[in-house]
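Please look over the structure below before reading on. The text after it goes through a few of its sites in turn.

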Amino acid sequence: MTKEMNTPPVCDYEGSDYQDKFWKEGGRAYEDGAEVLALKRLLPTGGSHLLELGAGAGRNTPRYRGFERVTLLDYSTTQLQQAIQYLGTDPRYRFVAADVYRLPFAPRAFDSATMIRTLHHLSEPNIAIAQLRECLADNAVFILEFANKRNIKSILRYWMGKQDWSPFTPEQVEFVKLNFDFHPKSVRAMLAGNGFKLEQEISVSFLRAGFFKRLLPLKLMLAKENFLQHTLSWAAISPSIFLRSTTVPQGEEALGMQTEAFFRCPACGHYPLADTPPELKCGQCGQTYTFKDGIYDFRLK
Ligand SMILES: C[S@@+](CC[C@H](N)C(=O)[O-])C[C@H]1O[C@@H](n2cnc3c(N)ncnc32)[C@H](O)[C@@H]1O
Ligand SMILES: [Zn+2]
């Protein structure tokens with residue numbers, strides 16, 4: 001399902017059983033464990049407020065232990081409902097339905113952010129990353145995962161003539177509608193162009209193949225994965241790559257001052273919003289946004 005408006009189309013997970021089908025029944029304990037290893041190495045030990053972009057059903061959220069607050073943002077309310085069920089009503093968590101192309105947060109609202117398994121649904125990733133920069137404080141940490149088009153499998157397939165697109169060219173490749181693989185150089189350039197300084201890069205999921213999963217016990221696969229993450233990340237040839245970057249300090253004119261306000265209107269950019277339960281109202285353009293069953297809904301109709 002996609003949604004067309006003056007922002008790029010959204011790969012909509014509304015009503016999807018992704019969490020059960022892909023993770024629980026899909027035999028992906030290895031991929032999940034490989035991400036735990038990467039996050040352990042990249043996450044700061046703590047922080048005040050982390051924004052999780054494309055949080056889905058909150059699979060990674062319990063891993064953000066050191067943070068005082070975590071805001072889970074996803075376009076799908078059914079994914080967020082699953083996240084609420086999974087995480088419980090811990091006041092540390094806030095659940096926001098919104099589009100990553102139109103973030104509803106005031107300038108410098110967060111000191112950290114993650115985006116895992118979500119960039120690969122974005123046809124215009126640069127717009128989302130620019131939006132993110134605006135709502136991050138200076139020197140904030142951002143951990144970004146992306147699907148790597150220059151992975152060893154696609155290189156071999158290309159050389160054997162089984163794949164028509166080149167893994168070496170910088171443009172993103174849409175292998176299924178609204179599913180994109182990116183070239184590592186292009187992702188690094190996009191971060192730099194939006195005021196992020198790259199600090200560390202880890203290649204992840206080296207052994208993602210049915211063959212290895214059938215042959216090796218999970219514990220051994222994860223031991224090998226850990227070794228490969230430490231020794232082979234420089235080559236950037238795994239299917240998934242995690243980048244840790246920090247925001248380069250920006251002047252007041254560029255981003256605005258830190259403010260008491262947390263939400264901003266995604267339609268016109270105004271903040272603060274008037275808190276008139278059960279909704280928030282924008283004093284500038286008049287748009288209203290509901291808060292229902294624990295979820296703020298900032299999707300533009
Ligand atoms: C593959 S799932 C990953 C979920 C979670 N990060 C994980 O790793 O388990 C991708 C998520 O991105 C969300 N998403 C896709 N496009 C989005 C957009 N434009 N704005 C907000 N969320 C989006 C989907 O609703 C979905 O929950
Ligand atoms: Zn407005």
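The paragraphs that follow describe a metal site, a residue ahead of the opening helix, and the two ends of another helix.

The model is predicted. Its zinc ion (ligand 2) is held by four cysteine sulfurs: the SG atoms of C265, C268, C282 and C285 are the protein donors, lying 2.3 Å from the metal. The angles among these 4 donor atoms run from 102 to 117°, and the site is tetrahedral. Four donors count as tetrahedral if all angles lie between 85 and 135 degrees, so the site qualifies. For comparison, the ideal angle for four tetrahedral donors is 109.5 degrees.

Along the sequence, the donors of the zinc ion (ligand 2) follow the spacing C-x2-C-x13-C-x2-C. C265 and C285 link distant parts of the chain, being 20 residues apart. C265 sits in the loop between α9 (252-255) and β10 (274-276), while C285 belongs to the loop between β11 (279-281) and β12 (288-292). Their surroundings can be compared by accessibility. C265 is buried, with a relative accessible area of 1%, whereas C285 is partly exposed at 38%.

Towards the start of the chain, T7 lies in the segment before α1 (18-24). T7 has a relative accessibility of 9% and therefore counts as buried, the limit being under 20%. Apart from neighbours within four places in sequence, T7 is in contact with D99, Y101 and R102.

The last stop is helix α5, residues 152-159. At the start of this helix, a side-chain oxygen of N151 comes within 3.0 Å of the backbone nitrogen of K153. Just after α5, G161 has a positive phi of about 80°.

Terms used:
Residues are numbered from 1 along each chain as its sequence is written. Chains are lettered from A and ligands numbered from 1 in the order in which they are written. This is a predicted model: local features need pLDDT of at least 70, side-chain atom pairs count only at pLDDT 80 or more; totals for chains, interfaces and linings use all residues. Side-chain values use heavy atoms; hydrogens and water are left out. Donors are N, O and S atoms within 2.8 Å of the metal (3.2 Å for Na, K and Ca); water is not among the atoms, so sites may look incomplete. Four donors count as tetrahedral if all angles lie between 85 and 135 degrees; four count as square planar and six as octahedral if opposite donors are over 155 degrees apart and all others between 65 and 115; anything else is irregular. Helices (H or I, at least four residues) and strands (E, at least two) are DSSP runs, numbered from the N terminus. Buried means under 20% relative accessible area, exposed over 50%, partly exposed in between (1.4 Å probe, protein chains only). Contact means heavy atoms within 4.5 Å. A polar contact is a pair of N or O atoms within 3.5 Å; within protein, one must be able to donate a hydrogen and the other to accept it, and residues adjacent in sequence count only if both atoms are side-chain atoms.
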